[in-house]
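Q: I have a structure open and would like to go through it piece by piece. Can you take my questions as they come?

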Amino acid sequence: MKKYRVNVNGSLYEVEIEEMQAPATMSAPTPAPAAPAAPAPAGAGAKVNAPMPGTILDVRVQNGAKVKKGDVLVILEAMKMENEIQAPCDGTVTSVGVKKGDSVETQALICTIA
């Protein structure tokens, strides 16, 4: 055991840390391969979900709007950054599930494109 003194916000603490030997056969875990998002073919339709939790700053489409792949659908603020959520395919917006000021969770439905 090794003893250390730690200062936390002006308060001194004495801690003991035990040193441990790593097993001889220790190996790094193999990460699971990430599943790539399959692009939706044009005309096949797509559900656009929030990639992360955040707040909707702006909605740039409405029902019936024609969009092209890459068009900005909404602006999502997450961790003080503005993220453009883009159309994954060409099509027509058939539903919009959010409005300006909404808080969304990861995978919340933003809109549907047909």
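A: Yes, starting with a term: a contact means heavy atoms within 4.5 Å. The model is a predicted one, where local features need pLDDT of at least 70, side-chain atom pairs count only at pLDDT 80 or more, and totals for chains, interfaces and linings use all residues. Residues are numbered from 1 along each chain as its sequence is written, and side-chain values use heavy atoms, with hydrogens and water left out.

Q: OK, which residues does Val67 touch, leaving out those up to four places away in sequence?
A: Val67 touches Val61, Leu73, Ala87, Cys89, Asp90, Gly91, Val93 and Ile113.

Q: And the chain overall, how many helices and strands?
A: The protein chain has zero helices and ten strands. Both are DSSP runs numbered from the N terminus: helices are H or I with at least four residues, strands are E with at least two.

Q: What percentage of the residues is buried?
A: Of the 114 residues, 23% count as buried. Buried means under 20% relative accessible area, exposed means over 50%, and partly exposed is in between (1.4 Å probe, protein chains only).

Q: Back to Val67. Which residues touch the most other members of the largest nonpolar core?
A: Val67 is one of them, along with Val48, Leu73, Ile110, Cys111 and Ile113; the core has 18 residues. Strands S3 (46-49), S6 (72-78) and S10 (109-113) each give two or more residues to this core. A nonpolar core is a set of buried Ala, Val, Leu, Ile, Met, Phe, Trp, Tyr and Cys residues joined through side-chain atoms within 4.5 Å.

Q: What is the strand order in the sheet with S3 and S10?
A: That open sheet of four strands runs S3-S10-S8-S5, with antiparallel pairing. Two strands pair if DSSP finds at least two bridges between them. S3 and S5 (66-67) are the edge strands, each pairing on one side only. Four bridges join S3 to S10, and Val48 stands opposite Cys111 in S10.

Q: Is Thr112 in S10 buried or exposed?
A: Thr112 counts as buried because its relative accessibility is 17%. Thr112 lies in strand S10 and touches Ala46, Lys47, Thr92, Val93, Thr94 and Ser95, not counting residues up to four places away in sequence.

Q: What about the sheet with S6, what's the order there?
A: The order is S7-S6-S4-S9, an open sheet of four strands with antiparallel pairing. S7 (81-86) and S9 (103-104) are at the edges.

Q: How many residues of S6 are buried?
A: Six of its seven, so S6 is mostly covered. S6 pairs with S4 over four bridges, where Asp58 stands opposite Ile75 in S6. Six bridges join S6 to S7, and these two strands form a hairpin with two residues between them. Met79 in that turn has a positive phi of about 55°.

Q: New topic: which residues make the nonpolar surface patch?
A: Tyr4, Val6, Val8, Tyr13, Val15 and Ile17 make a patch of about 490 Å². Patches use residues with over 30% relative accessible area and no salt bridge (a side-chain nitrogen of Lys or Arg within 4 Å of a carboxyl oxygen of Asp or Glu). Like charges are joined within 9 Å, nonpolar side chains (Val, Leu, Ile, Met, Phe, Trp, Tyr) within 5 Å. Accessible areas come from the Shrake-Rupley method with a 1.4 Å probe; for residues, only the protein chains shown count as cover.

Q: Which strands supply it?
A: Strands S1 (2-8) and S2 (11-17) each supply at least two residues of the patch. Val6 is found in S1 and is partly exposed, with a relative accessible area of 34%.
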